[in-house]
Amino acid sequence: LRPNQVANPNNGYGQKIHTRQNWFYRPAFVSPLATDIAVGNEKRGAIEGPGFNRLDVGLFRNFRVTEGVTFTLRGEAFNAINHTNLQSPSVAGASSAFGTITAARDNRILQVAGKINF
């Protein structure tokens, strides 16, 4: 069920938030009673997730081997500056991981490729 929002989850109210263990203010949400037939008042997008920074770079060079034959050497780097990009926090209310971030997106990935055109 959708919870009731009683405070701003993006304001720490004296607690340190935006860490992996405590991404948002958890007491801002209260579970509705099981006897309630109304859905909670929490709106979509109430929690601000972690940002996303990534720099992808590609570099290539064509080499002429003979007339009509070229060799292309290509190097690519994804997340070249290796910035940690966190996944979204867990919002499953019955889980002990509620409000925590348990994973991150991919680290830096490097690849090199060669191609012969004739």
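**View 1. Burial and exposed surface across the predicted model.** Buried residues account for 21% of the 118 residues in this chain, and the model is a predicted one. About 8700 Å² of the chain is exposed. Carbon and sulfur atoms supply 53% of that exposed area.

**View 2. The largest nonpolar core, eight residues in all.** Part of this core comes from W23, F24, Y25, A28 and F29. L86, F98 and I101 complete the set. Every member counts as buried, because a nonpolar core is by definition a set of buried residues joined through side-chain atoms within 4.5 Å.

**View 3. Zooming in on I101, a member of that core.** Which residues is I101 in contact with, once its neighbours within four places in sequence are left aside? They are R20, W23, P50, L86, Q87, S88 and P89. Two of these partners, W23 and L86, sit in the largest nonpolar core along with I101.

**View 4. Strands and how the chain spreads out.** Five strands and zero helices make up the count here, so the pattern along the sequence reads β-β-β-β-β. The C-alpha trace spans about 80 × 30 × 20 Å along its principal axes. Its radius of gyration is 24 Å, whereas a compact globule of 118 residues would come in near 13 Å. Take the contacts between residues at least 6 apart in sequence: 59% of them join residues at least 24 apart.

**View 5. Where the charges sit on average.** The chain carries 13 positive and 7 negative charges. Compare the mean position of each set and you get 4 Å between them.

Key:
Residues numbered from 1 in each chain as written. Predicted model: local features only at pLDDT ≥ 70, side-chain atom pairs only at ≥ 80, totals over all residues. Heavy atoms only, no water. Helix = DSSP H or I, 4+ residues; strand = E, 2+ residues; numbered from the N terminus. Rg over C-alpha atoms; globule rule 2.2 N^0.38 Å. Buried < 20%, exposed > 50% of the residue type's maximum accessible area, 1.4 Å probe, protein only. Contact = heavy atoms within 4.5 Å. Areas by Shrake-Rupley, 256 points an atom, 1.4 Å probe, with all protein chains shown as cover. Lys, Arg positive; Asp, Glu negative; His and termini not counted. Charge placed at Lys NZ, Arg CZ, Asp CG, Glu CD.
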